[in-house]
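Reader: I'm new to this structure and would like a close look at one part of it. Could you pick a helix and walk me through how it sits in the rest of the chain?

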Amino acid sequence: MSREPALVFEGVRAGYGAGDVLKGVSLAVRPGEVVGLVGPNGCGKTTLVRVASRALKPSAGAVRVVGRDPYGLGSKEAARLVAVVPQDVIPAFPFDVLEFVLMGRAPYLSRWTGGGPEDWAKARDAMEAVGVQHLADRPMDELSGGERRRAVLAQALAQDAPVLLLDEPTTHLDIRHVVELHQVIRRLADERDVAVVAVLHDLTLAAALSDRLVAMAGGEIVADGQPEEVVTRSLLRTVYGVNADVEASAATGRPAVILGSPEQAIVPTGLRTLVVGGAGRGAPLMRLLVERGVHVVAGVLHGGDTDVEVAERLDIEHVSVPAFSEIDEEAAAAW
């Protein structure tokens, strides 16, 4: 049974100065769902996070958090609905880590109280969840980039909001802490029903972490769906301008991006050649000829052969027949 979305954008337009960065974005995120925002630099991902967190009021459209307009609420009331982990935080004062994390409880405190037993307990639970409890007495300005990143996440967890926005949360983290962050986010979604939106640049990580991926380009959503529906060779080529392979990860079953060697400009030679391969023997020659600027066609190839995969990856026009079948007259006459 479907539930009402925790976070909704309806035709949102927003920007800085004269131009709009977001151009009519509509998106809904449900409780317990982890949505990864992906796309090239400057496409509007961080701007969308800023709109949801009341840091940038949209020029058109609407935002709803658990059915309420955050721009119509007081700052404390709105902060109880949305917690944010920005790209980087450098505290103005040398608070120790426990004091900094306790600030996440500010939306629940009066001006004259420093937090009761429940607030201290939530702060310590949040610190333990991200592995910074041993840093409780350390000043924030003495932490490494990765340690500070985890302290900021702990502060957001202590805020105990139904929506969590993460802007490049894995920046400065080593691989072990990236895995631990993945586990923390999954627990929040699965056990606390938190709606999570994470801006991510690593597409393989985004596919492994997210229930759903939303790809942006030019201030608009260009793909929205399951990771395997979004992370495709076609999207990498059209959105990022990169030719790369996408394969299912043996560990997660989710799509993984595999980059080849840096591409060099190919100068067409005007030459055209036909490659007839089999059992993968034509693949190296096709790659070499394409790199040398030769227009390559291939066939007749058998389905499932490496030669067919390479021809498709290189966008080589080719003729193929089913695996283990004879080459029929129609296929043979194609060239």
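Author: Let's start with the whole chain: its secondary structure comes to 12 helices and 14 strands, where helices (H or I, at least four residues) and strands (E, at least two) are DSSP runs, numbered from the N terminus. A note on the source: this is a predicted model, where local features need pLDDT of at least 70, side-chain atom pairs count only at pLDDT 80 or more, and totals for chains, interfaces and linings use all residues. Residues are numbered from 1 along each chain as its sequence is written, and side-chain values use heavy atoms, leaving out hydrogens and water.

Now to helix α10, which runs over residues 283-291. Ala283, Met286, Leu289 and Val290 are the ones buried there, meaning under 20% relative accessible area with a 1.4 Å probe, counting protein chains only. They're on the same side of α10 because they cover an arc of only 130° around the axis, taking the directions from the helix axis to the C-beta atoms. As a rule, an α-helix has 3.6 residues a turn, so residues three or four places apart point the same way.

And what lies over those buried residues? The cover includes strands β12 (272-275) and β13 (295-302), along with helix α11 (306-313). Just after α10 comes Gly293, with a positive phi of about 90°.

Stepping back out, buried residues make up 43% of the 335 residues in the chain. Its C-alpha trace spans about 85 × 45 × 45 Å along the principal axes.

Technical notes. Buried means under 20% relative accessible area, exposed over 50%, partly exposed in between (1.4 Å probe, protein chains only). Contact means heavy atoms within 4.5 Å.
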